[in-house]
Amino acid sequence: MFIGVRAGIHPSIIYDIISNAAGSSRIFVEVVPKILSEDPLLIDFLKSLKKHASYVMDTAKAATFPLPLLAVAYQQLIHGSSGVIRDESASPLKVWEQLFGVNIVDAASQQIYDASKLADQLVMASKAAKRIGFIGLGAMGFGMASHLLKSGFSITAYDVYKPTLARFAALGGLTKDSPEEVSRDAEILIIMVANEVQAESVLYGNAGAVSGLPAGTSIILSSTVSPGFVTQLKGRLEAECREIKLVDAPVSGGVKRAADGTLTVVIVSGTDEALHCTGRVLSALSEKLYLIKGGCGAASSVKMVNQLLAGVHIASAAEAMAFGARLNLRTRRVFEIIQHARGYSWMFGNRVPHMLDNDYTPLSAVDIFVKDLGIVSRESSNLRIPLHVSSVAHQLFVSGSASGWGRYDDSAVVKVYETLSGVKVEGRPPMLNKEDVLRSLPVEWPEVPMDDLVSSASHDSKKVLVVLDDDPTGTQTVHDIEVLTEWPVEALTEQFLKLPTCFFILTNSRSMIANKAALLVKDICRNLEAAAKTVPGISYTVVLRGDSTLRGHFPEEADAVVSVLGDMDAWIICPFFLQGGRYTIDDIHYVADSERLIPAGETEFAKDAAFGYTSSNLKQWVEEKTKGGILENQVSTISISLLRKEGPDAVCQLLCSLEKGSVCIVNAASERDMNVFAAGMIQAELQGKRFLCRTAASFVSARIGIKPKPPIRPNDLGLKRNLAGGLIVVGSYVPKTTKQVDKLRSQCAQSLRVIEVSVEMISLKSTEERDQEISRIVELGNAYIQSGRDTLVVTSRQLITGKTPEESLEINYKVSSALVEIVRRIDSRPRYILAKGGITSSDLATKALEARRAKVMGQALAGVPLWQLGPESRHPGVPYIVFPGNVGDNSALAEVVQNWACPSRSSTKELLLNAEKSGYAVGAFNVYNLEGIEAVIAAAEAEESPAILQVHPSSLKQGGVPLVACCIAAAERANVPITVHYDHGADKHDLLGALEMGFDSVMVDGSHLTLEENILYTKNISSLAHAEGMLVEAELGRLSGTEDGLTVEEYEARFTDIAQAEQFIDETGIDALAVCIGNVHGKYPPSGPNLRLDLLKELRALTMKKGVSLVLHGASGLPHELVKECIDLGVRKFNVNTEVRNSYLQSLKKPEKDLVQVMASAKEAMK
């Protein structure tokens, strides 16, 4: 105040402006009026402050912590509260007036004016300006210039940094290459550079602006410079004799407000004309505009006072927060308290978060306050005003700059204190390198406690672990465990009678408000108590399985359990979950993101609309969630060091030593840690201790000694091939889910159909509009699933939240209920169902699919449970994948969907290998048209048998590529393995064409050639076919008979020779050998077939040794017993044609009324 008054500014004007500027504080607003009015109570207030400051100084001395700002302020308090001038009593105001040589009372009695009202009048009377020049596009300048551009002004700009000029040009601004060029046509020139040196350079340096300014131009100087520089500049411009006018207009408000046009701008000019020319421009830039009387330099004097206070407040905030850190206070809590206390300033509220986040991205800079407080120091010397506190603050900023922090945010002045004292103000745990942290931990406990764990549990075999799961994702680490979705006493009694080690009760309480969740848990606990009493000797431990990222109703659910089951010896908090990348180390809970460990309180999960929190330290989290009911220092911990160095016995000892009703945090960084803790806990339970556990999924599997098994795929469940599409439903809104959905859509774009649900329509619109949206999705879903397409039903990704946690949960309920209605009304039976998100998966299982119980089969991916729903559900037997919202990397969802995609068709080689493993043969049937194709597949599906569709060269000539395409399409749609085979490729040209048509396998028929020619022919085609991944069958020997118009006379037939067969196989590399052992194409003679089974046995021995499948053509007409005997002797493929073809021909002789009936009759006959 005193330096401002000495500079000629009315004290009331200073008070009004500073109270609304960055230099404001609660003490300034409260005390300045008391000083100006000579409040008699002020001296008592100062004495109280002096007393408190003395206590703080003593504490700092004991803590060996420097408080330079407080030390100087303390001296000022001593002086001001002395109340004596020349041995006579005096008010603090008089004492300070004598010290500073300024009579505040006289200044305050001068005529007052309303600076804001004068500014408003100025704007109303000001002229319009069209052409604005702007020099200096730094952080503040760019925002100011771009805002003027958006406000309709024509802006031509210059800056030394060319990329910034390019950015401005991209916004539609004009740019020039020098200050002189910018100024040539300007009506108003705005200067927004960093300091006086730069201002001098752009105005009077090489290609400076002044030389190019037209007569009558107005200059707005918005840089923070000294009042003396402004006064001197005004004189120099007047000496130009070109009527160039100067407006002293320093700005305040920061980068964001500059871009928004909401700066506080302090203006003054030597003439009314200058103000009238610039008023509209200044008004466009400012939210609050002040006009200060007193000529050029007066505005900069007010800005100087503001910067004095702002700089002192930033440095004071740094001193206070660093002192708090030295006293081991929680710095975030200190910040929260000071925000509501007298010590608060605008700069404290704005800059301390930077210190707490250790984020010094420059919004302002340390060097700016080196400059600004340097101006204060220089002006205080010129005005002969001693400024002790601001001088010390100036030196702190100088020290910060000298230490390399000059270009960082001005809040980095706290680094001076951190460097001096070794403390860290940062109010959050830092992100860590996962590999480095895990490597730094002690070696794991050397013994695997799993066997000890199971052994210990067996002593109390009727102890059941009952897991109350607040969403279905808690089954992430178990298998062969039952889940109940209802909990009547009868169902619980039935479960206890089975004497399981564990079972889950799905509460889905995370989707409820706190009081409803508590009532639900109480109801379950009462039923558990009632059920347990009916089963002799049974006892149980309750586990509250909650989110591994700390979301959920804590402590409400724990309180609910205790209210029914009685006090526990301790509550156990254990959110470790390896598969999800959740680690607890030194009481800090981390979420792994690639190679980093991020404190949980810094993740998106902590920002949850319903369950948000700030603390990553679990002790502090307990205090935060209990609203101070359980203090941080009341929470015990089990460290990783104890787990790894002292083992289960030490865990047991610590748990048994806890005071009744304690809360205990479990640190863990590996499954072994979890097993060690679980073993120790069981030992404590065997000694009579009772615990209530609030844990993530890993604890459950450790506690019951379950061993992990690999992720499950469709084949592991023995599921039949199903052509229906899968149904994927995504309701989770966490950012991780959105990234996973994006990856799914990009990786599975060809096979996936996407239906987006409008959250706005189903949660905010009318009932009619909601129903229309649901019906649209159901219709599309049914169509896509029936067509065999995996179908993604996903809520629109824009998160809609309520004003309160309760409103947010209500919106969540509407979204979830809509998804339930959609899945309930989709009546097409999907191949599998995947539900993404805890609430979504619970509601779909219980409400849409009506499951009352389920069995956890295992996991579809690490941390992703796979259920088998009970027989009472709408789709019994359909796999139900419960995919948590917060598990897996960005590709995890796509990986599961790809693993569970409709399996591709088996190859012919796979069919024959499976036949070999199981000792059966595969029928291969020649087909000629659609009816034949459908008949073969219908028969195969009826028998649940694989089959091969064969196309003979003669039928290919008639049916062409469409016939092959029909075969392939039918094979893809079949629910049994079907492949497509090119039969009897005797012509090389035809075979080469067949290789490009999509066949799964080909038969190279060189049986009409000599052995050498057959080998060469077969070898050539075999190499080409193998390059395409096709199986190659070839014939050695020659069958007699007729097939598809080709006849081989009996005298041309020959048996397969064993020696030749070995040479043939070795040189051609074939996969299957068609042999001649007396079998024929077409009809066998009346005497019946005469097969050389002895030769077949020899050929079997050879082909087994060579890894080649045996094929027998001419199966039509063979007796059933002979076919079976051939299979027993190793035949793995039988060719069938005559019987099926004859059946077709016979059906055509029956009179039918319509062609459709002809087709149906023919199909049925062939089948």
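A residue counts as buried when its relative accessible area is under 20% and as exposed when that value is over 50%, with partly exposed in between. The structure worked through here is a predicted model.

**Exercise 1. Cysteines and burial**

Classify cysteine 748 and cysteine 241 as buried or exposed, and state how many disulfides a search of the whole structure finds.

*Solution.* Begin with cysteine 748, whose relative accessibility is 5%; because this is under 20%, the residue counts as buried. Cysteine 241, by contrast, has a relative accessibility of 68%, and because this is over 50% it counts as exposed. Turning to the bonds, the search of the whole structure finds 0 disulfides. Cysteine 241 accordingly is in no disulfide, and the nearest cysteine sulfur, which belongs to cysteine 296, is 17 Å away.

**Exercise 2. An open sheet and a helix that packs on two of its strands**

Give the strand order of the open sheet that contains β12, explain why one side of each edge strand is left without a neighbour, and find which residues of helix α27 are buried.

*Solution.* The sheet is made of 4 strands in the order β12-β20-β19-β18, and their pairing is antiparallel. At the edges stand β12 (432–433) and β18 (582–585); each has a single partner strand, so one side of each lacks a neighbour in the sheet. The partnership of β18 with β19 (residues 588–593) is antiparallel and extends over 4 bridges, and within it threonine 584 stands opposite histidine 589 of β19.

For helix α27 (residues 618–625), 6 of the 8 residues are buried, so the helix is largely enclosed by the rest of the structure. Those buried residues are Leu618, Gln620, Trp621, Val622, Glu623 and Lys625. The elements they pack against include β18 and β19, as well as α17 (331–338) and β17 (570–574).

**Exercise 3. A helix pair**

Describe how α16 and α21 pack, giving the angle, the distance between axes and the handedness of the crossing, and then the kinds of residue in the contact.

*Solution.* Helix α16 (residues 298–326) packs with helix α21 (residues 414–421) at an angle of about 35°, their axes being 8 Å apart, and the crossing is right-handed. On the α16 side the contact is made by Ala315, Ala318, Glu319, Ala322 and Arg326, which meet Val414, Tyr417 and Ser421 of α21. Sorted by kind, the residues of this contact comprise 5 nonpolar, 1 polar and 2 charged.

**Exercise 4. The barrel and its helices**

State the order and pairing of the strands in the closed barrel, and place helices α39 and α44 relative to its strands.

*Solution.* The closed barrel has 8 strands, running β31-β32-β33-β34-β35-β38-β39-β40, with parallel pairing; neighbouring strands are turned by 25° against each other on average, direction ignored. Within it, β39 (residues 1109–1112) and β40 (residues 1131–1136) pair in the parallel sense over 3 bridges, and leucine 1110 has valine 1131 in β40 as its bridge partner. Helix α44 (residues 1093–1106) packs on the sheet, where it touches β38 (1072–1075), β39 and β40, its direction making about 145° with that of β39. Helix α39 (residues 930–943) lies across β31 (922–926), β32 (947–951) and β33 (978–985), and runs at about 165° to β32.

**Exercise 5. One glutamate**

Locate glutamate 1067 and name its contacts beyond four places in sequence.

*Solution.* Glutamate 1067 lies in helix α43 (residues 1058–1068) and is partly exposed, with a relative accessible area of 39%. Once neighbours within four places in sequence are left aside, glutamate 1067 is in contact with Ile1015 and Lys1019.

Technical notes:
Residues are numbered from 1 along each chain as its sequence is written. This is a predicted model: local features need pLDDT of at least 70, side-chain atom pairs count only at pLDDT 80 or more; totals for chains, interfaces and linings use all residues. Side-chain values use heavy atoms; hydrogens and water are left out. Two strands pair if DSSP finds at least two bridges between them. A disulfide is a pair of cysteine sulfur atoms within 2.5 Å. Buried means under 20% relative accessible area, exposed over 50%, partly exposed in between (1.4 Å probe, protein chains only). Axes are lines fitted to C-alpha atoms, for helices over the stretch in contact, and angles run from 0 to 180 degrees between N-to-C directions. A crossing is left-handed if the near helix is turned anticlockwise from the far one by less than a right angle, and right-handed if clockwise. Contact means heavy atoms within 4.5 Å. Ala, Val, Leu, Ile, Met, Phe, Trp, Tyr, Cys and Pro count as nonpolar, Asp, Glu, Lys and Arg as charged, and the others, Gly among them, as polar.
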